[in-house]
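Please look at the structure below with some patience, following one region at a time before moving on to the next. The paragraphs after it lead from a loop to hairpins, an aromatic cluster and a cavity.

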Amino acid sequence: NYSPVFFDTTDLAAMTARTHDGTAYRKVGKWSLAYTFTGEGEGSNVQYAANPILRLEKITRTGLGGTDVTTDDITLHPVRFGYEFLENRVDAPTDGVFQIWRPRVNQVITDVGANISVTYRTECGPGDVPGSTEAAQRANARLCYPVKWAQTGEDIRLDWFHKYVVASMREDGAAPVAAGGTQLVTGSVGKVTTYQYVAPGWAKPTGAMIDPQTATFSEFRGAQTVTTTVGEGTAATKTKAVYFRGLGGAMPAAGPSGATITATDIEEFAGQTFSSTTLNGTTPVATTVTVPGAPVTVATNASGVKSTRSTSTKVTNFNFKANGALDYQTRTITTLDAAAQVASIEDLGDVTNAADDTCTKVDYSTAAGFVSANMRAFATKTERYAATCATTPTVAQLISRDLTTYDVAGRVLVTHA
């Protein structure tokens, strides 16, 4: 079996931005990239490395004056990258297979002197990996995954590989240096961001280039819950997000007791945020829950692969009192038409008060020239009513109406409000 690869014998040395001044394109900016080859592991000599690794070391930005001379160029300090080598394969000393170490960015020094440090987290170790059966791979909720692979000339084997996620990130201003030094000094107060992950999930990759015989549950679908803490101590802010991952089953209920919201974790929703909660310590401050509508199939290829579109989105916001009790709840429902354009927005405001409900409906141009050119997003009429979208509105409920006409190129001719 063969699959396409996208390697090249050249590297990208620089990128130049140009702008047109009415006569010609002029150079206004340039980003130069500097690389180095390294072996596998700190201090290893690339001269003797079996698998040299190309590593980006710095990016230097230069402001250009729109001319071909360099006397008016302004070059900033480079953005520099630091690395640490981390183990890719869960290696056991007696498994008879070479180690695989790869560099990962653990430091960025910006062009204005800030220092960003990153730490990573993984799981699993020799003898401490999930089971290799189909059921065990499917249920794997750890930061490692199985791969069927082979060294040159050897049989295919199943090994476990580490999945690294960011555990923390620290942003600092540069430390003072001796007079005449080149390091910039910002004086910024350090900021620490930490991440906690719950229930990582895995799926089998699919597609025309995937061999079903060697496919494993190696496609990372993310953690179901990620808690992000910015700052330290009493000044810290915390946000907990729950994600759709397309792994099936029910999502954990979101929202306060008596007003919880549930949803099903289907493939089409993978990667979207289901709920996001801002916390003061462990006390909720606000929660937003987003539930997409059931997707509609718009095309199916000969292999049965489907293309779908979204039909609606329901967003519910919960706001809480200082003691964590629910204060009020709002909701907005957006529906989409067959072209995936916004057809209506129902704003229920405070869900306990029907008097503040509004509905906005949008009509789009159906002119033959627009449709044939796939010019779908040209709104011709937008009306807002003091009613829900299920209600047949009256003139008395009309809040606003905007009418727009266009020429054949889609330029606005007339707007009536």
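Where in the structure is Arg376 found? In this model, which is a predicted one, Arg376 sits in the loop between helix H2 (368-372) and strand S22 (379-385). Arg376 is partly exposed, because its relative accessible area is 35%, and partly exposed residues fall between the limits of 20% and 50%. If residues up to four places away in sequence are not counted, Arg376 touches Ala339, Gln341, Tyr364 and Val371. The C-alpha atoms of Arg376 and Ala340 are separated by 9.1 Å, although the two residues are 36 residues apart along the chain.

Ala340 leads us to a hairpin, since this residue lies in the turn between strands S19 and S20, where it has a positive phi of about 65 degrees. The two strands have 5 residues between them, and strand S19 (residues 326-336) pairs with strand S20 (residues 342-350) in the antiparallel sense over 7 bridges. Within this pairing, Ile333 stands opposite Glu346 in S20. Strand S20 also pairs with strand S21 (residues 358-364), again in the antiparallel sense, over 4 bridges, and here Ser344 has Lys361 in S21 as its bridge partner.

Lys361 appears once more when we turn to empty space inside the model, for it helps to line the largest cavity, together with Cys359, Tyr385, Ala387, Thr388, Cys389, Thr391 and Pro393. A search of the whole structure finds 1 cavity of 30 Å³ or more, and the volume of the largest cavity is about 30 Å³. How do the residues of its lining divide? There are 5 nonpolar, 2 polar and 1 charged.

A second hairpin can be followed in another part of the chain, where strand S6 (residues 101-109) and strand S7 (residues 115-121) run antiparallel and are joined by 3 bridges. Ile109 stands opposite Asn115 in S7, and Gly113 takes a positive phi near 100 degrees in this hairpin, which has 5 residues between the strands. Strand S7 has a further partner in strand S10 (residues 165-172), with which it pairs in the antiparallel sense over 7 bridges; Ser117, for example, has Arg170 in S10 as its bridge partner.

We can now move from strand pairing to aromatic rings, of which a search of the whole structure finds 10 pairs. One of these pairs is formed by Trp202 and Phe220, whose rings lie 4.9 Å apart from centre to centre, with 50 degrees between the planes, and the pair is therefore tilted, as that word covers angles that are neither under 30 nor over 60 degrees. This pair links distant parts of the chain, with Trp202 in strand S11 (residues 191-203) and Phe220 in strand S12 (residues 219-230), 18 residues apart. Is each partner buried or exposed? Trp202 is buried, with a relative accessible area of 3%, whereas Phe220 is partly exposed, with a value of 27%. Both belong to one aromatic cluster, which also contains Phe98, Tyr145, Trp149 and Phe161.

Finally, consider Thr60, which lies in strand S3 (residues 53-63). Thr60 counts as buried because its relative accessible area is 16%, and the limit for this word is under 20%. Leaving aside neighbours within four places in sequence, Thr60 is in contact with Lys30, Trp31, Ser32, Thr75, Leu76 and Pro78.

Terms used. Residues numbered from 1 in each chain as written. Predicted model: local features only at pLDDT ≥ 70, side-chain atom pairs only at ≥ 80, totals over all residues. Heavy atoms only, no water. Buried < 20%, exposed > 50% of the residue type's maximum accessible area, 1.4 Å probe, protein only. Contact = heavy atoms within 4.5 Å. Pairing = 2+ DSSP bridges. Phe/Tyr/Trp six-rings, centres within 6.5 Å; stacked < 30°, edge-to-face > 60°. 1 Å grid on protein atoms, 1.4 Å probe; cavity = no way out; pocket = protein on both sides within 12 Å on 5 of 7 lines; lining within 4 Å. Points joined across faces, edges and corners; volume = space filled by probe spheres on them. Nonpolar A, V, L, I, M, F, W, Y, C, P; charged D, E, K, R; others polar.
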